[in-house]
Amino acid sequence: MSVKYFILCFFIASTTGYAIRNELGLTEDIPETKICEVYSQANNCTESKPECFTQQNCDTKQKQNCLTVWTLIKETNKPLLKFKSCFPAKYPTKYLKTKECTATSDVDIPRYSCYCDGDLCNKGLTWIPPIPETKSSTPASPASTQQPKSGYIRYTIAFIIVVISVGLFVILVLNHGRKKKCNDDDEDEKKQILEIIGSPNLPMDLNTIKKIEIIGNGCYGTIWKGQFDKNTVAIKICPEQSKDVWKNELNTFKTPQLKHDNILNFIGGNPYYSNDKPEYWIITDYHENGSLYDYIKKNILNVNEMCKIAETMVKGVRHLHSEIPGNMAYGYKPAIAHRDFKSQNVLIKSDKSACIADFGFAIEFEPGNVCSNVHVQVGTARYMAPEALEGAMTFTRDSFLRIDMYAVGLVIWELMTRCDVLGTPVGEYKHPYEEEVGPHPKINTILPIVAGEKRRPVIPRAWRNHPLLAVYCETIEECWDDDAEARLSASCVLERLINVRNLTKQNSLSSSTNNIEDTSV
């Protein structure tokens with residue numbers, strides 16, 4: 001008897017275990033999705049244009065699947081492709097367990113969709129129309145009148161019934177506990193699919209964006225003022241030859257937990273095809289004051305404006321350089337080096353705070369990864385640190401962050417040159433090193449000045465005799481130190497700037513009785 005009971009328990013456990021694993025989707029190894037096909041009908045694309053189909057590297061910091069969305073042509077009952085992309089795998093649905101994009105009409109939303117796992121699994125699309133229910137015309141077989149004579153057969157049938165009953169009971173218990181959660185997940189999933197076109201991480205309908213006027217031109221694209229959903233936006237349009245820079249900036253904007261008050265707010269971006277000629281768009285918030293460079297060329301700052309711009313700018317750099325652990329809601333944010341930090345890439349918001357922009361050359365530093373194939377001499381020559389000008393640096397995270405901090409020191413110096421804190425006439429704006437190398441230096445002209453002679457922008461004696469400016473002077477000198485390892489981090493710079501403002505907040509700072517106000521945001 002004990003052997004029979006052991007065998008019975010073994011089969012019940014095995015069957016139940018398999019049922020549980022199957023119910024939880026653990027019976028098959030699912031491949032990790034790293035790349036998906038991308039397509040958007042919204043951008044003047046049709047399925048007959050091969051150039052409309054591109055590939056997208058999925059966010060490996062969080063689980064993602066490939067997604068395809070389409071509608072049906074009623075006359076032919078054939079699918080009409082809408083778009084394809086990577087999509088966050090947040091829901092434990094059956095759609096996430098397939099290796100091909102195959103679906104039927106069981107998704108009760110206005111658009112059809114399918115998910116799949118595995119690289120480029122959404123390159124193809126299999127649409128299986130629903131099969132109408134029909135009554136079977138096959139007559140039922142008459143019941144056998146022959147009674148089994150073997151006791152073995154009776155015991156076998158009874159055993160199978162017991163095993164199936166126990167297995168079904170376990171599955172029903174599991175389903176009862178999970179029913180409400182799964183239903184909630186399905187509703188969230190349907191809602192996300194309906195809103196998917198408006199997601200900044202997926203293709204946007206660029207036809208809904210109106211270009212108003214050009215507000216800037218650069219080596220890698222044109223900046224337009226535009227309108228999107230009744231809001232004024234900035235549109236950065238890169239040509240085909242700048243596709244790699246556009247792609248790098250787009251990927252940086254999509255970094256988990258990058259969003260910050262002092263980082264330019266990203267709205268969306270994807271390719272746009274105009275007369276079969278590709279353009280690469282990035283949509284962000286629009287700031288009427290323009291760049292810090294433009295603002296201080298036209299305006300003289302009071303001490304409170306200088307402090308607010310400097311502090312908020314450094315807050316943005318500190319956030320960019322910081323590593324932030326992932327959690328249940330957001331993925332891990334790595335440290336990011338800007339690599340083209342300058343006053344033209346700092347924007348002034350309506351409240352006179354600053355935000356960091358232009359991430360075309362930015363690098364993310366994943367733990368354990370070495371950036372050995374990165375070109376060092378990128379960005380703007382006058383803001384490049386001596387080791388970058390010489391091409392003599394180690395390819396580590398800290399090395400690249402210190403190059404950013406060298407440029408931060410120069411930008412703070414620019415702010416100080418346009419501040420009336422001393423109550424004396426303020427001169428015209430000048431670039432760092434403009435007196436030494438002119439307005440548009442190249443690497444070979446600024447290299448001997450910065451790396452050879454180790455010269456830096458001139459600091460007037462009057463600044464060192466002022467209680468607030470003296471601390472600013474000491475700070476920028478430690479930022480642009482020739483020894484990269486001696487440079488201050490963004491956190492240290494911010495701490496100094498806030499401390500000196502607090503210490504001198506109530507003191508008279510000039511003959512015009514300028515007082516420091518609390519500029520923290």
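## Positive phi at R339 and K230

In this predicted model, R339 is buried, with a relative accessible area of 15%. The residue belongs to the loop that runs between β13 (335-337) and β14 (346-348). Although R339 is not a glycine, its phi is positive, at about 75°.

K230 likewise is a residue other than glycine with a positive phi, here near 70°. Its position is in the loop between β9 (221-228) and β10 (231-238). With a relative accessibility of 79%, K230 counts as exposed, whereas R339 is buried.

## The environment of E249

E249 is part of helix α3, which spans residues 243-253. Its relative accessible area is 3%, so the residue counts as buried, the cut-off for that class being under 20%.

A polar contact of the E249 side chain is made with the backbone nitrogen of F359, at 3.2 Å. Neighbours within four places in sequence aside, the residues in contact with E249 are K236, I282, D358, F359 and G360. F359 thus appears both in this list and as the partner whose backbone nitrogen the side chain reaches.

## The two faces of helix α9

Helix α9 covers residues 443-452, and its buried residues are I446, I449, V450 and A451. These lie on the same side of α9, because the arc they cover around the axis is only 165°. As a general matter, an α-helix has 3.6 residues a turn, so residues three or four places apart point the same way.

The buried residues of α9 pack against three helices: α6 (386-390), α7 (397-417) and α8 (434-437). On the face turned away from the buried side are the exposed residues N444 and G452. Just after α9, K454 adopts a positive phi of about 60°.

## Packing of α7 against α11

Helix α7, one of the helices against which the buried residues of α9 pack, also packs with helix α11 (residues 467-479). How are two packed helices described? The description rests on the angle between their axes and the distance between the axes. For α7 and α11 the angle is about 150° and the axes are 8 Å apart. The two helices are therefore roughly antiparallel, since angles over 145 degrees fall in that class.

The crossing of α7 past α11 is left-handed. From α7, the contact is made by M405, Y406, G409, I412, W413 and M416. The residues on the α11 side are L469, Y472, C473, I476 and C479.

Notes: Residues are numbered from 1 along each chain as its sequence is written. This is a predicted model: local features need pLDDT of at least 70, side-chain atom pairs count only at pLDDT 80 or more; totals for chains, interfaces and linings use all residues. Side-chain values use heavy atoms; hydrogens and water are left out. Helices (H or I, at least four residues) and strands (E, at least two) are DSSP runs, numbered from the N terminus. Buried means under 20% relative accessible area, exposed over 50%, partly exposed in between (1.4 Å probe, protein chains only). A polar contact is a pair of N or O atoms within 3.5 Å; within protein, one must be able to donate a hydrogen and the other to accept it, and residues adjacent in sequence count only if both atoms are side-chain atoms. Contact means heavy atoms within 4.5 Å. The arc is that of the directions from the helix axis to the C-beta atoms. Axes are lines fitted to C-alpha atoms, for helices over the stretch in contact, and angles run from 0 to 180 degrees between N-to-C directions. Angles under 35 degrees count as roughly parallel, over 145 as roughly antiparallel, 65 to 115 as roughly perpendicular and the rest as oblique. A crossing is left-handed if the near helix is turned anticlockwise from the far one by less than a right angle, and right-handed if clockwise.
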